[in-house]
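Visitor: I've got some time to look around this one with you. Could you walk me through it, question by question?

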Amino acid sequence: MVTCPANARPGQKIRFQLPIKLSSDEIQSIKLNYQKDGWIRCLSTDLSFHWVRSEQGDDDTQASSRDLLWGFERIAFVRELRSSSPSGTSKAAHSLQLVPAKDAALSTVVPAINNGTSLAQELSRYAAMPFQHKEAWFRQQIAKLQVPWEDGHIKINVRRENLLEDSMEATESITQADMRKIFRFEFISEPGVDAGGVAREWFQLVSDTLFNPDFALWSYSAINQMCMQINPSSGIANDEHLRYFHFTGRLLGKALFDRQIVAGHLVRPLYFFPSVDGAAGHKKKTFA
């Protein structure tokens, strides 16, 4: 919405500077390369990605289609993992919901980076660059989010014999803002100072357990046996599977943040899974 200045005169030309600095051609070029059954995900003027349907066909066909109360060809849904904290408990509850595609949106604005401006234009520019340039740009954005040690840090104590449960409880209790702090890990009853080696061991051991097919959260891809995909039967094997998936998202996001190596190699669509402070991606704010 644009309002006219109170002192404007009839016939006067007024120049407005809109909050978006992208041309129509640039907005059109910044879109997820994904089109299915007439649906395209593209950047809108609100600096968010939206799903829109591209109607094709003659006017009579489109008119008759619009007259249908329920047109299966024109209905699509997006999966969204939502988190909530019930009153009286500190444990977050997670639910997987189907959101109508026309109502789904993903912001390109990260409040802690570039004074809250959109990353869409930069993402579009760096997408065509070599991997080394992409990584260097990504590290620059991470440096802007990183909380200095002297401003606060997080210490996580876990029992080796109860590693996964302790790690999930500790990580899930951390706020979104604190996920950007430096973590220090300690195995209870094992003296030692975490100078980097304990953190590497923690990431390796936890990711090994999470991505073990016997744990039933993940299974090997039918296309590439070196990659993992979500096990569609994970809810049968584990009642808290959505909570574990949320924890996995935080683990992967923190690994990217701290330049740590994890055991799981995901199928390509799931590389939208981790995100840092809502910057990009996948199961919707895994650092939330």
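What follows is a short chat about rings, charges, one helix and a few backbone angles in this predicted model.

Visitor: Let's start with the rings. How do the planes of F185 and F203 meet in their aromatic pair?
Guide: The ring centres of F185 and F203 are 6.0 Å apart. Their planes stand at 75 degrees, and anything over 60 gets one particular label. So the pair is edge-to-face.

Visitor: Which elements does that pair link, and how many residues apart are F185 and F203?
Guide: F185 belongs to strand β8, residues 182-187. F203 is in helix α6, residues 197-210. The pair therefore links distant parts of the chain, with a sequence separation of 18 residues.

Visitor: Are F185 and F203 buried or exposed?
Guide: The label depends on relative accessible area, with under 20% on one side and over 50% on the other. For F185 and F203 the verdict is shared: both are buried.

Visitor: Which residues form the aromatic cluster?
Guide: You've already met two of its members, F185 and F203. The full set making one cluster is F183, F185, W202 and F203.

Visitor: How many residues apart in sequence are the parts tied together by W218 and F245?
Guide: The W218 and F245 rings have centres 5.4 Å apart and planes at 85 degrees, so this is an edge-to-face pair. W218 sits in strand β9 (residues 218-220), while F245 is in helix α8 (residues 241-258). Both W218 and F245 are buried. In sequence, the parts this pair ties together are 27 residues apart.

Visitor: And what's the count of aromatic pairs?
Guide: Ring centres within 6.5 Å make a pair. By that rule, the count is eight.

Visitor: Now the charges. Which ring does the charged end of K254 sit over?
Guide: There are a couple of cases of a charge over a ring to look at. R160 lies over the face of F187, 4.1 Å from the ring centre. The charged end of K254 is 4.2 Å from the centre of its own partner ring, which is F183.

Visitor: Which residue forms a salt bridge with K254?
Guide: K254 is buried at 2% relative accessible area, whereas its partner is partly exposed at 25%. The two are four residues apart in helix α8, about one helical turn. Their closest N and O atoms are 3.5 Å apart, and the partner is D258.

Visitor: How many residues apart are R243 and E169?
Guide: These side chains meet in a salt bridge at 3.1 Å, N to O. R243 is in helix α8 and E169 in helix α5 (residues 163-172), so the bridge links distant parts of the chain. R243 is buried at 7%, but E169 is partly exposed at 38%. The sequence separation is 74 residues.

Visitor: What is the N to O distance in the salt bridge of D166 and R159?
Guide: Here D166 is buried, with a relative accessible area of 14%. R159 is partly exposed, at 35%. Their side chains meet in a salt bridge, N to O, at 2.8 Å.

Visitor: Which residues are linked in a network of salt bridges?
Guide: The structure holds nine salt bridges. R160, the residue over the face of F187, belongs to the network. Its full membership is R160, E190 and E201.

Visitor: How many of the 18 residues of α8 are buried?
Guide: α8 reaches 25 Å from its first C-alpha to its last, close to the 26 Å expected. The helix is largely enclosed by the rest of the structure, because the buried count is 16 of the 18.

Visitor: Which residue with a positive phi follows α8?
Guide: Two positive phi values are worth a look. A216, in the loop between α6 and β9, has phi near 75 degrees and counts as buried at 12%. The residue after α8 has phi near 60 degrees and counts as exposed at 57%. That one is R259.

Visitor: Last stop, the surface. Which residues make the nonpolar patch?
Guide: The patch covers about 300 Å². One member, I75, lies in the loop between α2 (59-67) and β4 (77-84) and is partly exposed at 35%. The patch is made by I75, F77 and L98.

Conventions. Residues numbered from 1 in each chain as written. Predicted model: local features only at pLDDT ≥ 70, side-chain atom pairs only at ≥ 80, totals over all residues. Heavy atoms only, no water. Patch = residues over 30% accessible without salt bridge, like charges linked within 9 Å, V, L, I, M, F, W, Y side chains within 5 Å. Areas by Shrake-Rupley, 256 points an atom, 1.4 Å probe, with all protein chains shown as cover. Salt bridge = Lys/Arg side-chain N within 4 Å of Asp/Glu carboxyl O. Buried < 20%, exposed > 50% of the residue type's maximum accessible area, 1.4 Å probe, protein only. Phe/Tyr/Trp six-rings, centres within 6.5 Å; stacked < 30°, edge-to-face > 60°. Lys NZ or Arg CZ within 6 Å of the ring centre and 35° of its normal. Expected span 1.5 Å × (residues − 1).
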